Amino acid sequence: MCGITGWVDFGRDLRAERATLEAMTATMACRGPDAGGVWCSAQAGIGHRRLSVVDLDGGAQPMRAAGGREVVLTFSGEIYNFRELRRELEAHGHVFATRSDTEVLLRGYLQWGADCVPRLNGMFAFAVWDGNRQELLLARDRLGVKPLYYAPLGPAERGALFGSEPKAILAHPQFRAEIDSEGIAELFSQAGTRTPGQGIYRGMAEVRPGCTVRIGRDGEHHAVYWRLESREHADDLPTTVGTVRDLLTDIVERQLVADVPVCSLLSGGLDSSVVAALAARTLQDSYRGKLATFSVDFAGSAATFRPDRLRPSHDEPFARAAAEHIDSRHTTVTLDADDLVAAQWSPLAAHDLPTMGDMFTSMYLLFRRVREQSTVALSGESADEVFGGYPWYHVPALLAATGMPWAAAGSWEPLLRPDVAARVRLGEYAADSYAQARAEVPRLSGENPQERRIREVLYLGLTRWLPELLDRKDRLSMASGLEVRVPFCDHRLVDYVWNVPWAMKEAGGIEKGLLRAAAADLLPPDLLGRRKSIYPGAADPAYRNAIDAQLRALLGQPAAPLFALVDHARLAAAYAENPGLPGFMAVQPSSTAPAAFLLDINEWLRQYDIRIR
């Protein structure tokens with residue numbers, strides 16, 4: 001996996017700035033605990049921290065091209081088709097010194113330039129400094145599995161800072177942690193939504209998924225190399241089911257390639273069970289032993305669990321049943337309120353931005369335990385976005401929402417300070433973001449209004465909801481040096497299923513019916529037919545009491561950083577009336593999430609010394 005960072009500056013000699021580059025690189029040690037390195041020239045400095053996964057002895061970075069050409073690569077992620085690309089490059093005369101996908105990527109750039117990016121199948125974020133062209137190329141994978149931030153420098157310097165995470169850029173003395181009206185609006189407007197390219201920090205942006213950014217002496221140039229395209233689906237249902245199954249089998253087989261221990265996350269839901277079943281079968285067929293699987297649970301959850309629309313069944317019995325069926329070596333990571341409170345600020349440190357409490361903290365603790373036994377984990381993330389599993393694809397009131405359907409429940413605007421609310425205009429920001437997203441949807445002529453709306457909401461899920469989930473998964477796993485791979489994000493599967501008619505996606509009259517049909521021989525009926533249940537929240541009253549006590553203590557500090565944004569009196573009145581606060585999502589992750597979010601904002605403003613512009 002790894003962490004990358006760097007600095008291109010056409011206004012000074014960076015060979016005298018090595019200490020700054022080393023400080024930026026050091027912030028990425030959590031992502032790359034195995035090795036690190038920096039490279040400097042007059043106009044460019046490149047840093048890398050490595051998590052060794054493939055070719056443990058080779059593939060050191062930053063990797064420089066042989067033969068005197070000043071081309072230097074720093075790369076985070078995995079290229080799953082690197083073997084095919086290597087053979088193609090060898091046919092062009094390239095001779096390889098390592099077995100790594102890093103060298104394949106570097107030589108791919110030497111052969112094809114920026115046109116190498118569309119050839120890649122994988123999750124990746126990378127930077128190439130080409131000294132001959134005096135140009136930096138930044139590239140990010142199609143779905144945005146791997147993060148990549150950058151901050152353009154001023155007109156005098158003409159260049160940019162970049163990094164896998166904001167902390168790498170924040171470590172540079174020229175960059176000040178600030179937030180302006182747009183950043184405040186992004187923070188509060190739609191929980192669970194990510195506006196592509198928005199970095200929240202003033203002056204910081206993300207490379208958009210499926211895009212490249214070139215930065216040279218003549219400025220900044222953006223290009224899109226991949227986007228969803230709508231076209232008629234010609235395959236019948238049996239062919240469609242078979243194609244999905246063939247794709248999933250190939251994807252999982254590719255994503256099991258590693259020179260370190262690989263495991264699978266297993267909640268007992270359909271998505272993770274399908275991935276784990278395919279992985280277990282692949283390992284068994286190739287005589288590589290049993291698959292290790294991991295799930296998370298909370299102390300006392302069996303007694304306290306109460307089914308509802310979002311969580312109709314308790315995960316852990318299904319996780320154990322799935323593990324027994326596929327014959328995996330299963331571990332349940334059981335957490336209690338003390339664990340969650342003790343690690344409360346760890347997700348903030350991992351994200352460099354506020355998070356929403358127990359769902360983030362429990363995932364961080366799960367990944368920390370998984371890392372004790374494995375370096376790579378497979379996950380079922382994004383199947384709901386690809387196949388249409390969430391309530392907003394099925395509940396008419398959510399499907400008909402006039403904004404992001406998962407954000408239909410409420411707004412933070414009534415709790416903001418009046419001057420802040422007037423300046424950031426949350427309602428307008430949300431409406432503009434929604435209109436921009438809808439304008440991007442690749443339409444298909446001839447669809448009826450229902451099909452047209454379903455396509456629109458699927459697009460919103462893939463481009464505005466999914467990035468938040470992928471960011472959470474990446475940041476919380478890499479905080480412990482764990483690489484999490486997401487088979488359902490393979491662009492071949494996403495491209496194919498995107499154009500499958502909704503009636504086929506719901507084959508059998510059940511959500512994700514197409515996926516269930518493709519996995520019919522992998523799982524027993526009770527697992528195959530299990531309804532969607534969202535990631536569990538902590539039901540322990542001790543955790544709720546701890547969050548309640550913290551927010552009440554914060555309300556006793558009117559000068560706390562939070563109250564530069566949130567109105568103290570309004571929050572106190574709202575919290576006294578309802579500790580759950582107004583609610584800001586149609587799919588509320590947990591009852592404590594709004595309070596935990598506010599606590600995180602306060603801690604973020606304090607720890608990071610955020611200046612509000």
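**Group meeting: two sheets, their helices and some charged pairs**

Let me begin in a loop, with Pro-62, which lies between strand S3 (44-50) and S4. What is the peptide bond from Gln-61 to Pro-62, cis or trans? It is cis, with omega near -5°, and I would ask you to keep in mind throughout that we are looking at a predicted model. As background, most peptide bonds are trans, and most residues other than glycine have a negative phi.

That second point brings in two further residues. Asp-327, which sits in the loop between H9 and S16, has a phi near 60°, a positive value in a residue other than glycine, and with a relative accessible area of 38% Asp-327 is partly exposed. Arg-425, in the loop between helix H15 (418-424) and helix H16 (426-440), also carries a positive phi, near 50°, and is partly exposed, its relative accessible area being 46%.

From the loop at Pro-62 we can move on to the sheet that contains S4. This is an open sheet of 6 strands in the order S4-S5-S6-S7-S12-S13, and the pairing is antiparallel. Strand S4 (63-64) and strand S13 (219-224) stand at the edges, and because each has a single partner strand, one side of each is left without a neighbour in the sheet. Helix H3 (residues 101-112) packs on this sheet, where it touches S4, strand S5 (71-79), strand S6 (122-130) and S7, and the direction of H3 makes about 130° with that of S5. Towards the S13 edge, S12 and S13 pair in the antiparallel sense over 6 bridges, and within that pairing Arg-214 stands opposite His-221 in S13.

Arg-214 is worth a second look, since it also takes part in a charged pair. Glu-135 forms a salt bridge with Arg-214, the closest N and O atoms being 2.8 Å apart. This pair links distant parts of the chain, with Glu-135 in strand S7 (residues 135-140) and Arg-214 in strand S12 (residues 211-216), 79 residues apart. The two partners fall into separate accessibility classes: Glu-135 is buried, at a relative accessible area of 10%, whereas Arg-214, at 28%, is partly exposed.

How many salt bridges does a search of the whole structure find? The search finds 55, and I will pick out a few. Arg-611 forms a salt bridge with Glu-178, again with the closest N and O atoms 2.8 Å apart. Here the separation along the chain is 433 residues, with Arg-611 in strand S19 (residues 611-612) and Glu-178 in strand S10 (residues 178-179). Arg-611 is partly exposed, with a relative accessible area of 38%, while Glu-178, at 5% relative accessibility, counts as buried. In another pair, Glu-165 and Lys-167, the closest N and O atoms are 2.6 Å apart, and both residues are buried. Glu-165 and Lys-167 also belong to a network of salt bridges, whose members include Arg-31, Arg-140, Asp-352 and Arg-475.

Let me turn now to the other sheet, an open one of 5 strands in the order S16-S15-S14-S17-S18, with parallel pairing. Its edge strands are strand S16 (329-335) and strand S18 (483-485), each of which pairs on one side only, and neighbouring strands of this sheet are turned by 30° against each other on average, direction ignored. Strand S14 (residues 262-265) and strand S15 (residues 292-298) pair in the parallel sense over 3 bridges, and Cys-263 stands opposite Ala-292 in S15. Helix H9 (residues 315-326) lies across S15 and S16, running at about 165° to S15.

Elsewhere along the chain, helix H6 (residues 237-255) and helix H7 (residues 270-285) have axes that come within 9 Å and cross at roughly 65°, in a right-handed crossing. Which residues meet there? On the H6 side they include Leu-248 and Val-252, and on the H7 side Val-275 and Leu-278 are among them.

I will finish with the cysteines. The count of disulfides comes to 0. Cys-2 is in no disulfide, and the nearest cysteine sulfur, that of Cys-30, is 12 Å away; Cys-2 counts as buried, at 4% relative accessibility. Cys-30 is likewise in no disulfide, with the sulfur of Cys-2 as its nearest, and Cys-30 is partly exposed, with a relative accessible area of 27%.

Notes:
Residues are numbered from 1 along each chain as its sequence is written. This is a predicted model: local features need pLDDT of at least 70, side-chain atom pairs count only at pLDDT 80 or more; totals for chains, interfaces and linings use all residues. Side-chain values use heavy atoms; hydrogens and water are left out. Two strands pair if DSSP finds at least two bridges between them. Helices (H or I, at least four residues) and strands (E, at least two) are DSSP runs, numbered from the N terminus. Axes are lines fitted to C-alpha atoms, for helices over the stretch in contact, and angles run from 0 to 180 degrees between N-to-C directions. Contact means heavy atoms within 4.5 Å. A salt bridge is a side-chain nitrogen of Lys or Arg within 4 Å of a carboxyl oxygen of Asp or Glu. Buried means under 20% relative accessible area, exposed over 50%, partly exposed in between (1.4 Å probe, protein chains only). A disulfide is a pair of cysteine sulfur atoms within 2.5 Å. A crossing is left-handed if the near helix is turned anticlockwise from the far one by less than a right angle, and right-handed if clockwise.
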